[in-house]
Amino acid sequence: MNLKINGAKHVVDLPGDMPLLWVLRDGLNITSVKYGCGIAQCGACTVHIDGEAVRSCQVALADVSGEITTIEGLGTPEALHIIQTAWIDHQVAQCGYCQSGQILQAADLLARNPQPTDEDIDAAMSGNLCRCGTYPRIRAAVHAAASAIREM
Amino acid sequence: MGRVRTIARRSFLIGSASILGGVAFGAYFVTRPTPNPLLEGLAEGEAALTPFVKITPKGITFIMPRADVGQGIASTQAMLIAEELDIDPATATLDPGQPNQAYFNGTVAAESLPFPAWDHGVVPSTVRELMGHVARLTSSQFTGGSSSVADLHETLRMAGAAARETLKAAAAVRTGVPRADLRTENGQVILPDGTRIPYTDLAAQAAAIEPVTDVTLRPASEWTRLGKPYHRLDIVAKSTGTQDYGIDVVMPGMLHATVRANPGRGGGMAGYNADAALAMQGVRSVVEVNEGLAVIADNTWFAFQAAQALEVDWLPPDYPASSAEMWQALSDARTDDFRNSRLRDDGDVESALSEATVIEAEYRSPFLAHAALEPLSATVLVQAESITIWTATQIPAVVRDAAVELTGVDPSRVTVHALPAGGSFGRRLDHDYVVQAIQIAATMPGTPTKTTWSREEDMTHDFPRPLHMAVGRGAVGNGRVLAYDLDSISPSLVSSWFGRIFIVPPGPDTLLVWGAFDQPYAIPNYRVTGYAAPPMMPIGSWRSPGACSNSFFHESFLSELIHAAGVDPLEERLRLIADADSRRVLEAVGEMSNWNGADIGPRRGRGIAFAHTHGVPVAEVIDVTMTDRGIRIDEVWIAADCGTVFDPVNAEAQLTGAAIFGLGHAMNCELTYENHAVQQTNFHAFEGMRLHQTPLFHTRLLERAEQVRGLGEPATAPAAPALADAIFAATGQRLREMPFSKTVDFA
């Protein structure tokens with residue numbers, strides 16, 4: 001099966017019912033995509049498929065029909081995405097395990113809603129669990145990223 | 001800012017040791033807090049055994065023995081060294097090092113003693129010091145108890161200072177310029193004429209001279225890094241998906257495994273049939289491990305699927321089968337036969353209660369999972385005469401010792417790569433998952449094998465926070481709290497956890513009554529009694545162990561008495577408080593929140609709680625509103641005093657994160673048991689707090705306390721009682737059992 005991930009083509013030989021999460025982590029060693037629950041309750045495995053945030057633990061390999069973007073496709077330490085810059089400026093991460101998923105979820109939100117209210121952020125981001133409790137800074141970073149994007 | 005303490009040089013053993021091509025510096029704090037003649041005359045070599053700074057021509061390495069589980073201690077350790085060494089820590093290699101007796105943790109051992117942390121009298125101080133020494137001798141290197149900063153802040157700065165001065169001495173030898181005329185900056189020694197010599201160029205020379213041990217720490221007023229807002233060193237990696245955690249280890253040719261353990265912990269197996277599992281795609285083998293079976297496969301998903309296909313005849317464990325039976329066992333343990341401690345017994349409680357109308361209330365706190373977002377995992381490579389382990393752990397020395405015990409390999413041939421953890425909250429103070437990973441990899445010699453627990457295994461095979469109950473009896477009169485008697489009942493966490501990991505220390509289980517017996521109130525008749533219920537399933541340390549339940553009991557009952565006395569909850573606490581640091585945080589939280597009583601308008605309520613845990617006084621005020629969708633937490637004010645703050649941005653994050661942890665679990669979470677098994681198998685049934693329930697936070701750190709303490713845990717304990725108090729103010733209903741969602745709805 002052919003996959004396009006962050007602009008690059010990959011060929012995988014794995015069962016069609018295997019969750020995309022494990023295809024990425026164990027099949028392709030893309031470990032920025034995190035396993036947290038396996039049942040779409042934590043959001044740690046969030047990736048984009050054609051720009052839309054999805055839980056990769058719930059997408060079977062055979063059902064992947066679009067281009068996949070992981071956090072590396074959003075930005076890198078050398079070329080940060082504007083949302084990542086906001087995350088760094090606000091020192092959001094503690095353990096950091098959920099943050100790739102949080103940032104990809106925020107990117108999906110801001111693509112659809114460039115000026116979200118707190119209620120919009122709550123509605124879009126409450127599926128992404130953070131056990132360390134970084135939520136106040138997530139909220140602040142989403143607002144800051146939204147402002148920065150509008151000013152671009 | 002806390003006052004700068006003069007540190008006697010004789011308190012430290014400072015030294016250096018030659019290493020391949022360079023030099024290693026160590027500093028080792030041997031006397032805390034008062035000199036002890038028993039400890040003088042330790043061998044010079046002991047200092048050299050404690051390297052925190054290594055300098056070779058190729059680069060500079062900081063050894064930072066405390067594990068980063070999200071609390072940010074990796075950055076803080078590096079900054080403490082860098083402040084004295086005058087170097088950008090981002091240019092150093094940051095290495096957790098190998099487990100070593102020298103990296104012992106003396107603070108936690110000292111705090112397990114039956115003295116309140118705010119009591120700095122001669123007896124508590126002397127015994128704490130001796131206990132710290134015992135910890136060193138028993139190589140109890142572990143990360144926990146919010147102890148890392150308290151334990152290491154002087155040691156790491158001394159190591160940095162000794163390295164700096166020795167590098168200057170080496171430059172003096174080379175150039176003939178007196179050391180006093182040299183200065184350091186940005187990883188270089190600078191001569192009066194402006195010539196710069198990189199530290200790395202001086203490595204060999206520094207190894208060849210006597211180390212400079214006559215160093216004094218810079219006062220806080222001269223700090224350029226510590227105490228200033230700075231970026232955590234891991235913040236870019238953690239914002240770009242480039243931070244590798246224990247679960248992310250990738251090795252060429254690696255196999256993947258998972259575990260299926262008895263749902264009744266410790267029950268054993270009568271037999272099993274692995275035929276169906278072995279017939280599944282990508283499955284290599286099924287092996288027996290501690291507590292159950294493991295599947296080894298080509299990837300984690302194959303292993304997970306096959307583990308579900310195992311047919312196992314589990315035997316029942318020896319603890320009660322259901323939560324109802326466990327609660328009954330706790331109730332039954334409130335007798336003299338199970339009495340474990342009475343560490344607070346002021347005045348005459350019995351007389352005071354016999355002369356008044358007794359107010360009585362019972363409180364309950366449930367089992368809770370740690371549920372760190374990164375499931376438990378370890379990668380192990382077993383070779384002919386060596387073993388290498390990659391895992392996120394708070395107890396690397398225990399992991400090493402387990403590898404030796406399991407495989408018979410020489411301790412010097414065990415390598416433990418302690419990796420960053422995706423959370424822990426105390427779970428990685430156990431190493432059951434590493435033991436299983438070693439057993440699994442031992443069946444695949446020469447092949448690295450990664451073992452990953454499913455979330456379901458993680459939730460149902462935790463060493464949970466124990467269930468805990470308390471009965472308060474008290475009396476009030478003339479607008480005052482006159483008598484306070486609290487019975488606290490739980491299985492013994494000290495026996496369970498220390499018994500698994502080290503040895504059970506003698507004396508009472510102080511954790512059983514932490515957050516209750518040790519609160520700095522001067523109530524005239526005041527008693528706290530601990531009852532150790534019979535052991536149930538093995539239990540563990542959960543963020544702010546003991547205190548996370550006892551503070552809910554203790555502060556809630558105090559609030560009930562204050563309400564009965566008809567006085568203001570903040571004013572009466574201020575009247576009762578007997579510790580200056582604690583008084584200041586109560587005053588501060590009152591000022592921050594514009595405290596004017598618990599009544600803040602219709603359908604709203606304001607609550608307050610205070611706790612002194614891990615040496616840190618914390619006061620929290622919470623406002624709630626009753627909405628059409630349930631109770632909403634609007635705002636939280638937190639005031640605390642941990643002494644000098646080294647990393648202010650992260651300190652604020654620890655205060656709010658710990659409070660969110662306390663609030664989310666108090667609102668929403670419990671583990672219950674049926675047929676010996678945990679009923680909550682994943683986050684659908686165990687949510688903690690989510691973004692939509694998160695209130696606005698205001699925090700203040702006073703920095704007036706003399707003792708420097710850590711902040712990973714202290715804001716957890718007072719969160720639940722402050723919320724219960726606010727809900728009472730809004731609704732008139734006392735919540736005496738967690739989780740509160742059993743009684744009220746939350747928006």
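Over residues 31-50 of chain B, pLDDT (the predictor's confidence in each residue, from 0 to 100) stays under 50, and the model has 34 contacts beyond four places in sequence for this stretch. Two residues are in contact here if their C-beta atoms, placed from the backbone, lie within 7 Å. Residues 1-10 of chain B likewise stay under a pLDDT of 50, with 16 contacts beyond four places in sequence. Where pLDDT is low, the predicted coordinates should not be read in detail. For chain B overall, the average pLDDT is 90, and 89% of the residues score at least 70. The complex receives an ipTM of 0.98 and a pTM of 0.94 from the predictor.

This is a predicted model, in which local features need pLDDT of at least 70 and side-chain atom pairs count only at pLDDT 80 or more, whereas totals for chains, interfaces and linings use all residues. Residues are numbered from 1 along each chain as its sequence is written, while chains are lettered from A and ligands numbered from 1 in the order in which they are written.

Chain B comes first. Its secondary structure consists of 21 helices and 28 strands; helices (H or I, at least four residues) and strands (E, at least two) are DSSP runs, numbered from the N terminus. Of the 747 residues in chain B, 60% are buried, a label that requires 20 or more other C-beta atoms within 10 Å of a residue's own, with exposed meaning 12 or fewer, partly exposed in between, and C-beta atoms placed from the backbone. Among contacts in chain B between residues at least 6 apart in sequence, 79% join residues at least 24 apart.

The domain assignment of chain B gives domain 1 (9-240), domain 2 (246-317 + 376-452) and domain 3 (323-369 + 463-742); such bounds come from an automatic or database domain assignment. Between domain 1 and domain 2 of chain B, 12 residues of the former are in contact with 16 of the latter. The domain 1 side of this contact has 5 nonpolar, 6 polar and 1 charged residues, where Ala, Val, Leu, Ile, Met, Phe, Trp, Tyr, Cys and Pro count as nonpolar, Asp, Glu, Lys and Arg as charged, and the others, Gly among them, as polar.

Helix α9 (residues 300-309) of chain B is a good place to look closer: 8 of its 10 residues are buried, including Trp301(B), Phe302(B) and Phe304(B). The cover over the buried residues of α9(B) includes α1 (20-27) of chain A, along with β9 (255-261) and β11 (283-289) of chain B, among others. Strand β9 of chain B also holds Ala261(B), which is buried because 24 other C-beta atoms lie within 10 Å. Beyond its neighbours within four places in sequence, Ala261(B) is in contact with Glu291(B), Gly292(B), Glu457(B) and His461(B).

In chain A, the assignment gives domain 1 (2-72) and domain 2 (74-151), with centres, taken over C-alpha atoms, 20 Å apart. Their contact takes 15 residues from domain 1 and 14 residues from domain 2 of chain A. On the domain 1 side, β3 (46-49), β4 (52-55) and α2 (71-74) of chain A each supply at least two residues, and β3(A) gives the most, with 3 residues.

Between the two chains, the contact takes 47 residues from chain A and 50 residues from chain B. Among the elements of chain A that each supply at least two residues to this side are α4 (99-112) and α6 (135-151). The chain A side divides into 24 nonpolar, 19 polar and 4 charged residues.
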